[in-house]
Each structure stands twice: as structure tokens, then as C-alpha cells.
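Me: I should like a close look at a single part of this structure, namely the surroundings of the bound ligand. Please give one connected account that begins there and then follows the contacts outward.

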Amino acid sequence: MAKKKKPDAKQTIGNGGELHQTAGAEDQRLTTNQGVVVSDDQNTLTVGPRGPQLLEDFVMREKITHFDHERIPERVVHARGYAAHGYFQAYKGNSKLTKAAFLQDPSEKTPVFCRFSTVAGSAGSPDTARDVRGFSVKFYTSAGNYDLVGNNIPVFFIQDAIKFPDLIHSVKPEPDRDFPQAQSAHNTFWDFVSLNPESVHMLMWIMSDRAIPRSFRMMEGFGVHTFRMINEKGESRFVKFHWRPKLGTFSLIWPEAVKISGADPDFHRRDLWNAIESGDYPEWELCVQAFTEEEANKFDYDVLDPTKLVPEEQIPLTPIGKMVLDRNVDNFFAETEQVAFCPSHVVPGIDFSNDPLLQGRLFSYLDTQLSRLGSPNFHQIPVNKPKCPFANFQRDGHMQMEVPTGNVANEPNSLDSGSPRECPITGFGSFPAKESGEKLRIRPESFADHYTQARLFWVSMTEPEKRHIVGGFAFELGKCDELKIRKRMLGHLSNVDQELCERVASALGMEGEADSIKPLVSVGNPEPSPALSQYTDAPKTLAGKKIGVLTTNLLDSSLYNALEKAAKKEGAMMEIVALKAGPIKTTGGKEITPDHFLSGAPSVLFDCVVIAPGKDQLDALMSQAAAVDWIRDAFGHLKVIGFTDQAMPMFEKASVDTDSDEGVVNITSTDVASFIDAAKQYRIWDREPKVRS
Ligand code: HDD
């Protein structure tokens, strides 16, 4: 179980006033927002005990008015998110690449705030919806705040920001009926993307398991666009940013994700919170692919096109630092909800490229914060405030929190000290890229190949990954009831790969019905890029994963100890699920409070499972359908299952053969090692064709 967090020390706000709701603080009196001590917070002021309420009750009116205004507009996209604090530490030797201050000194820890999110769903939608995940990091550097606002997928749906409102309108609930929530599986989305072939590459990723990550901690992150890095000599290189999770990149599978949405809609946020609370701090390595403009000009795709990636086989990754998330927020609203990321927040040493999607984003985020947070002073909210000194003559506006002094608010001036003044040497200067040309509304020809990299993705997948992509397309298009859209989409898939098209068409029962769509340019035949596959070189590890043990009273104490020891050694978490919520006893008399009780914790919540009824308790466990479902589900979700001899009749009831495959493992108190070894594989992929077609 996760450790409980210690209450925080006092915080001060504003001009030295003290925030009275501080956790753990004693002897505080409840007051109104004006500091008046409240004598009764249970009863409204009335005339006599049963009489009407009085308008003069400012205590009640202030409290209700504040409550009425507690909500702010949710983010128009990425509304559901979760965040944590941490730090970033640079590796040695980045100065050739960039002069960015936070990337120079390996002994310096730059504070960060990192928010993960889904895109389409509302703030209350389930965590495990099929969707891109946002991966935003705010670095509070000594040279100003830098926001790297990326996703867990390295490409995007559209090439030009002017299409963003259309894309989002198409994926959000349909406007007349307001459903489906947090899903792309509906007509408007597939209509839009099928009419925009530039989306096809991204669709391949979205239909893959990348769109249902196992955990935020096991997700890659990407800056998506090509950015620039500038060094002290003023030399520029293009860069692509990558975040690499230390735990490896793992995903759920679709039938499991669907069930988790019901069993624990907070699956990802709970996972992150618990990991940090228990001291198991997630870590990512920040890498770049760096290349010159001359190199980029030789690529057979355009690096300014955000629907393209740069294969790692072409430009390898250079690690430049690491990020550790080691502190949960103190208050979700104050921090996670109010944090404002803007891709335009860059620091000297980092600059933009002409990617037309990026250029549009540079406008959009500042604009959205004004309406979402309601004031140009959103940078004064603690989570958004730079941790380095900042000073200028911007003044006033809603919710001004600072009290600037003096009679001067203009620059230059000679009346005050003349400061703050601009600084041409250390200040941010844009890279002087040469630009010329006519004013046009036109898509470059170099953006025209919409299928080659989609094919690259497909040919780089393992067979299980291909199965899931086919399943993803079939499921989503199956929910789209306009035949013309399905046919159009099949037409695009046939341009990606004939086999992919045929497999999706067969799953839909629409063989031979693909529209014929002529690509604008001929489609290449790329060699596989193994780095794109999650499973080709997946690390065999239980680190950061969860072992669920389904048991009862009188659990064998040596088995319990052996499992607990093994889990600890592997860096995994073990959780006990029992029939009821109250404490159980092991055969050795140790009292354990279960982490879950059966009806609240199906096996979908765990990475691998153990079925170990206590002494003479088999019947009690077997009489519960939920216990039998544990085995059926774990088997169907390709998990490794450990079982004691005593549990065998439950497998018969679940119609799961204990000799099925290497992932169904007999355990004893003296041998849990073979179970642990098998579980490090994460899933038994060969089982899949046997359990679902
Ligand atoms: Fe965006 C939020 C990532 C294209 C407009 N976006 C937002 C967030 C992430 C991304 C991670 C959540 C930030 C947070 O945690 O608060 N967006 C991306 C990526 C894109 C992208 C990786 C393409 C490569 N976005 C994009 C375009 C536009 C926007 C083209 C508009 C032209 N995005 C927004 C926004 C949001 C946003 C409306 C909503 C809330 C916010 O900004 O702060 O401005």
C-alpha cells in the first residue's frame, strides 16, 4: 500500500497573509475571506428557529457565492489531466548543441511540473479511453520558464493549425446529441479524417496500443515538431525531442482498457499518485535527434511536416538529461488545473521552426489561457510563476496579485532607476533564418506523401501489434455507421498496405469494398524501423508493475512472504485482494488488511496475478463469480497467472487449462521464481490467437 504523505508546512499567500486551510496546522480559527472569525458554520441566520433566512447573513452568502464560482472552463482539449512536480538534470556536453542554461550544468536541478492528459474527453472522462496522451513539461529554468508541450505519439493528425478546430470538433461528442464521450469511434471523426489523408499516419498510431498506455510512467513523450537549438556561437541545428521512460514503454490491450474504464476510471492518475507517494519516482530520459538544415534537405520527407517523424535509424537519439517526478501536488485545482502551458514559452538556446502547426500553436495557447484562467496575470499563479527573477512594466488587469511600487511604468525611462532594461546580449533573440517569398495560402508539395510513413509504421510492427491495429480500426469503423466513410477509410488503408486493408475489411465483413483513392505522390516501400515497435525489444521487467494476489483468510504465510520478497526485489508492487474488506490472517497468524476486496478489484487492475485460496477456503472463493472471472479475464488479457495446487478447481470452473501455456504457472511457497520469470514477459502474446480471433 502507498505510504501516507506527511502534512505540509504552512504556506503564505499574497502580502504575507496566511492560508488558513493548511493541512496539519493546529489551533486555527475558521474565518470568512475577510478574516472575520465565524461563530457558527452549521446553521444559516434565520428569524426564530423555523423562520425565514436573512439576506444579511454574509457568512452564508460569501460561502455559497464562492462555491457557485468554483469551476472554471475546462480546457477545450486535454481537459482530463494529472500532474506532478519533479526536477530535471542535464547530462554533460550539451553546449555544442545549445546555450540553454538548464541544459549546461549536470549538478544543477531545474524544478519541473509535468502534466499528462487525454485529448478528447471531458475532465471527468475515464483515463483509459483510446486517445493520444498529452505530455507537457514546464521547466522553471534560471533563464525563464520553458514549456515542452508534447504528446506520447511523435506525429500529429494535421499539417496546418487552421484545421485544428475542425479536427477537435469532429472528435468531440457530436453537437446535437452530446455523445460519445472521450471516443473517436463515431461518424464525425472518421468522416473528417477520411477526408484528410494527412491524418493517416497518425491514425496508425492511434489505432495501435500506444493510445492505451499501461501507465503515464511507461509512456514515451515527443515534442512532435522540429524545433531549433542554438549554441553560444549562434549555430542552429534542428532537433526532435523524445522522452524515454526508465520503466520501458508498455500498453494495455483494448478489452482490458474497456473494462478498466468501469473498474477504475482513475487508473492512470491513481497509478502515478501511488507510485510517487510510495517513493517509486518515475523517471524519463530527455533525448534529441539533432541534424542540420542541410541534412534535413536531403531527407525524402519534409521535417517541417508534423505528420512525419525522423526514424531513429536515420538520426539516432542523443540523451541530454533526465527528469524525475518526486512530488505530488498539494492541491489539484491550484496546480494541475491552473497550470498554463504555452509552446511559445521558450528560453535562449531553443527556438522554433516554420512547421505550420507549431506556428499556429504559438498563438493558440496564450489565447486559451486568457479565457480559461480569465486574466493576463495567469503567470502570477504560483504554479505558473517563474522561479527566476522577472520584471517588466506590464501592469493591472484582472486579479493583479503583485503591488508594483513607484510612479513609472514605461521603458525607457530616466525617472526611476531606469530599470528594468532590455539586454541584447543575454536576452532571447530569434535565430536569423532567411525568409522570403510571396504571400500564399498553399500546402507545400513536400508535405504531399501521406502514406509512406504510415506504411513504415505498419511494416515495423510485430504480429501482435499488427493484430491490435487491425482490431482498433475494425472496432472504430464498426461504430461508424456510414458505409461511405468506411469504404473511404478502407481506400486509405489499401494505400498504406494491402494486407492491412484486407484484414480490416475482413473484420468488418466488407471485403473488396475499399474505395479507390489515388495518392498524390507514389508511395514508398520503406524498410522496417524496429524502434517504432513497442514489443520488438521490450524490456523483460516487473519494475513499476503490480502483482495482484487473490486470496482469503488463512493464506499460506510462507507463500505470502516469498511473494512479497520477490515483488520487492523486482521493484514491483504486490496487492492483496480478499473476499471482504476486513483484515485476514495468514496461517502464521499475521493480520493483513487487504488492499482491495473482490467486488471492487477485478484482475484487470493488475499486470500479473496469483490465485491462492487460504487453507480450506477454496469453496468460499469459488462460489464467487467474480473470483472465477479473475482467472478468465487474466487469461483472456494474456497475463501471467500463478496458482497454488489448491486453486486448480477454480481453473476448471473458469474453463482455463492449467497446462495452457508458459504463462499459467504453478507456484508453491518454495518456488515463486518461475512465476516471476514468466511475469517479466508482461504478456503471453502467443495465447492471443487462441482466445480471440
Ligand atoms: Fe495542443 C492543450 C499538445 C496541437 C491548441 N495541447 C494541449 C496540451 C497538450 C497539447 C499536451 C495540454 C497542456 C496541459 O497539460 O495543460 N497540441 C499538442 C500537440 C500538438 C497540439 C503535441 C501537435 C503537435 N494544440 C495543437 C494545435 C492547436 C492546439 C494545432 C491550435 C491551433 N492545445 C491547444 C489549446 C490547449 C491545448 C486549445 C487547450 C488547453 C491549453 O491549450 O492550455 O490551446
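Reply: Helix H9 provides six residues of the shell around the ligand, the largest share. In this predicted model, H9 is one of three elements that each supply at least two residues of that shell, the others being strand S5 (133-141) and strand S6 (144-151). The shell counts 23 residues, and those that come nearest to the ligand are Arg-75, Arg-115, Arg-361, Tyr-365 and Gln-369.

The iron atom is a natural place to begin. Its only protein donor is Tyr-365, through the OH atom, at 1.8 Å. Tyr-365 belongs to helix H9, which covers residues 356-373. H9 thus holds the protein donor of the iron, and H9 also gives the shell its largest share of residues.

Polar side chains approach other atoms of the ligand. Arg-75 places a side-chain N or O atom 2.8 Å from an oxygen atom of the ligand. For Arg-361, the partner is a nitrogen atom of the ligand, and the distance to an N or O atom of the side chain is 3.3 Å. Ser-136 has a polar side-chain atom 3.4 Å from an oxygen atom of the ligand.

Arg-75 leads from the ligand to a second kind of contact. Besides lying among the residues that come nearest to the ligand, Arg-75 forms a salt bridge with Glu-337, in which the closest N and O atoms are 3.7 Å apart. This pair links distant parts of the chain: Arg-75 sits in the loop between H1 and strand S3 (81-90), whereas Glu-337 is in helix H8 (residues 332-337), 262 residues apart. Is each partner buried or exposed? Arg-75 counts as buried because its relative accessibility is 10%, and Glu-337 is likewise buried, at 9%. Under 20% is the limit for a buried residue.

The loop that carries Arg-75 leads to another charged pair. Arg-80 and Asp-127 meet through their side chains in a salt bridge of 2.7 Å, N to O. Arg-80 is in the loop between H1 and S3, and Asp-127 is in the loop between strand S4 (109-118) and S5, so the contact ties together parts that are 47 residues apart in sequence. Arg-80 is buried, with a relative accessible area of 6%, and Asp-127 is buried at 4% relative accessibility. Both residues take part in a network of salt bridges that also links Asp-264, Asp-266 and Arg-270. In total, the model contains 38 salt bridges.

A further salt bridge among these joins the side chains of Lys-259 and Asp-633, at 2.8 Å from N to O. Lys-259 lies in helix H5 (residues 254-263) and Asp-633 in helix H16 (residues 625-636), so the pair connects parts that are 374 residues apart in sequence. Here the two partners fall into separate classes of accessibility: Lys-259 is partly exposed, at 41%, whereas Asp-633 is buried, at 16%.

An uncharged side chain also takes part in a polar contact. The side chains of Ser-215 and Asp-271 are joined at 2.7 Å. Ser-215 is in the loop between helix H4 (200-206) and strand S7 (221-222), and it is buried, with 0% relative accessibility.

Returning to H9, the loop between that helix and helix H10 (452-459) includes Pro-412, and Pro-420 is also located between H9 and H10. What is the form of the peptide bond from Glu-411 to Pro-412? That bond is cis, with omega near 5 degrees. Ser-419 and Pro-420 are likewise joined by a cis peptide bond, for which omega is about 0 degrees.

Backbone geometry deserves attention in one other loop, that between helix H2 (164-171) and helix H3 (187-194), where Asp-178 is found. Phi of Asp-178 is near 55 degrees, a positive value in a residue other than glycine. Ala-182 lies in the loop between H2 and H3 as well, and its phi is also positive, at about 55 degrees, although it is not a glycine. Their surroundings contrast: Asp-178 counts as exposed because its relative accessibility is 57%, while Ala-182 is buried, at 6%.

Finally, the surface. Leu-45, Val-47 and Leu-54 make a nonpolar patch of about 220 Å². Leu-45 is placed in the loop between strand S2 (17-18) and helix H1 (58-68), and it is partly exposed, at 37% relative accessibility.

Note on methods
Residues numbered from 1 in each chain as written. Predicted model: local features only at pLDDT ≥ 70, side-chain atom pairs only at ≥ 80, totals over all residues. Heavy atoms only, no water. Donors = N, O, S within 2.8 Å, 3.2 Å for Na, K, Ca; no water. Helix = DSSP H or I, 4+ residues; strand = E, 2+ residues; numbered from the N terminus. Patch = residues over 30% accessible without salt bridge, like charges linked within 9 Å, V, L, I, M, F, W, Y side chains within 5 Å. Areas by Shrake-Rupley, 256 points an atom, 1.4 Å probe, with all protein chains shown as cover. Salt bridge = Lys/Arg side-chain N within 4 Å of Asp/Glu carboxyl O. Buried < 20%, exposed > 50% of the residue type's maximum accessible area, 1.4 Å probe, protein only. Near = heavy atom within 4 Å. Polar contact = N/O pair within 3.5 Å; in protein donor to acceptor, adjacent residues only side chain to side chain.
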